[in-house]
Amino acid sequence: MPSVRALLIVATLAAPAIAQPDRPPPPPAVLGEPIGTPPFLDPLVDPLLRRLGPPTEPFRPFAPLGPPPAIACEGIGTRFGMGLLAGRYGMPGYGITWIPTQPVAGQPTNLSVLRQELSLFAPIHREGQDTATVGLSIRNSMFFTDAVLPTSGRPFPDMLWDIEAGMAYSHLWDNGWTTGVVVSAGSASDEPFAQSNVLVASLALYTAIPVGAQEAWILGVGYSPNTDFPYPLPIVSYYWRPSDDVELNIGVPFFAKWRFAPDLTAEIVWIPIRTVSARVTWQAPEIQGFRAYGAFDWANEVWFLADRTDDSDRFYSFEKRLTAGMQFDLVYRLRLDLSAGYVFDRFYFQGKQYSDRNRDRVNVGSGIFGAIQLRLQF
């Protein structure tokens, strides 16, 4: 899966936990003006900077994604569900990555790849203690190579797609607990939707149990067939925010965020089994809406080739990246991200699971890459 999936915890647990379970449920949040640094380019007219109004008013696009005055009123469960959707699809927006030609080990050919990602979110319901959001993700990888999969002898796929749509729904109970479900369905293949054996569906169920104003247990289970762990995965973690500078989600998945200096923040995310993202971000103190970062990612993606002989086989991609980048806050809560770096330990294979990584394996040389992203922030 791509590194944007590591935003799962960053997007969901940046908010404090909800109130004590023995207290009455908090009132609905009244969404106000966005909080944060001013945009890098001041807009002439930016409707998203106007007050969004109370929850009884009809939604404008992305209205519930703006931070309310008291974030505890929304509850960590609601944010967790939206973050699971963001983690699977990436933050709303568009991104493109280019990895130039590198040699294929043991074959007289090279390989380059162009990746594109489009992700969209929209709220569809918010009434009382119920919230629902829908999302759409389209990912496309175009490969330029004459390589073959050595075990089966079939040509390396020219193009791979992952097209999915899903919904996150959550309910805040009277005792302060939040229960949610995230469902997603689509197709991940070289021939999407061509036949039933290239369709995918994922499911996550969770409950957030507050134990303090800044603490909560998150319990549940998730399953997705196109990940590097295609089995039900328990969600067991304890969220704790001891101060404004430190946040921890201890368990599965794991997340830690530490502002160790006024302008420097470190984050690390681990999602079983082989998805890791670590980043250090510098917030420019004198340049509004600008930040720079360095990151390490261990990422993977999974597809189902339409002409495979065994329906349980998957086509896997693994790689590691060192990245340096710059971010600019623009109008309409958009963020421009320009990055480049070094990609290494790259290989592809076809099999049922990671233990089959030497079957149909294609190793690709290390090299530089570049990426541009335009994403919505919330």
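Asp360 lies in the loop between β15 and β16. In this predicted model, Asp360 adopts a positive phi of about 55 degrees although it is not a glycine. Its relative accessible area is 1%, and Asp360 is therefore classed as buried, the limit being under 20%. A positive phi, of about 60 degrees, is also found at Arg333, again a residue that is not a glycine. Arg333 is placed in the loop between β14 (314-329) and β15. With a relative accessible area of 15%, Arg333 likewise counts as buried, because this value is under 20%.

Two cis peptide bonds were identified in loops between strands. One joins Val252 to Pro253, with omega near -5 degrees; Pro253 belongs to the loop between β9 (246-252) and β10 (254-261). The other runs from Pro272 to Ile273, where omega is near 5 degrees, and Ile273 is part of the loop between β11 (264-271) and β12 (275-283).

The interior of the model was examined next. Its largest nonpolar core comprises 20 residues, and Leu111, Phe143, Phe156, Phe315, Tyr348 and Val362 have the most contacts within this core. Two or more residues are contributed to the core by each of β2 (110-127), β15 (334-351) and β16 (362-364). A second, separate core contains six residues, among them Phe318, Phe347, Phe349 and Tyr354.

Val362 was considered in more detail. When residues up to four places away in sequence are not counted, Val362 touches Val104, Gln107, Val148, Leu149, Pro150, Phe156, Arg346, Phe347 and Tyr348. Two of these partners, Phe156 and Tyr348, are also listed with Val362 among the core residues that have the most contacts. Phe347, also touched by Val362, is a member of the second core.

Strand β2 also carries Ser112. The relative accessibility of Ser112 is 3%, and Ser112 is buried because this figure is under the 20% limit. Its contacts, leaving aside neighbours within four places in sequence, are with Trp98, Ile99, Pro100, Thr101, Met142, Phe143 and Phe144. One of these, Phe143, is among the residues with the most contacts inside the largest core.

On the surface, a nonpolar patch of about 530 Å² is formed by Ile124, Met167, Tyr169, Val183, Leu203, Leu205 and Val221. The elements that supply two or more residues to this patch are β4 (159-172) and β6 (199-212). Val221 is located in strand β7 (residues 215-223). Its relative accessible area of 36% makes Val221 partly exposed, because this value lies between the limits of 20% and 50%. The same value is over the 30% required of patch residues, so Val221 meets that accessibility criterion.

Confidence varies along the protein chain. The mean pLDDT is 80, and 77% of the residues reach 70 or more. Among the elements, helix α1 (residues 7-12) has the lowest confidence, with a mean of 40, whereas β16 has the highest, at 97. Over residues 1-24 the pLDDT stays under 50, and the model has 101 contacts beyond four places in sequence for this stretch. Residues 26-74 also have a pLDDT below 50, with 98 contacts in the model beyond near neighbours in sequence.

Methods:
Residues are numbered from 1 along each chain as its sequence is written. This is a predicted model: local features need pLDDT of at least 70, side-chain atom pairs count only at pLDDT 80 or more; totals for chains, interfaces and linings use all residues. Side-chain values use heavy atoms; hydrogens and water are left out. Patches are made of residues with over 30% relative accessible area and no salt bridge: like charges are joined within 9 Å, nonpolar side chains (Val, Leu, Ile, Met, Phe, Trp, Tyr) within 5 Å. Accessible areas come from the Shrake-Rupley method with a 1.4 Å probe; for residues, only the protein chains shown count as cover. A salt bridge is a side-chain nitrogen of Lys or Arg within 4 Å of a carboxyl oxygen of Asp or Glu. Helices (H or I, at least four residues) and strands (E, at least two) are DSSP runs, numbered from the N terminus. Buried means under 20% relative accessible area, exposed over 50%, partly exposed in between (1.4 Å probe, protein chains only). A nonpolar core is a set of buried Ala, Val, Leu, Ile, Met, Phe, Trp, Tyr and Cys residues joined through side-chain atoms within 4.5 Å. Contact means heavy atoms within 4.5 Å. pLDDT is the predictor's confidence in each residue, from 0 to 100.
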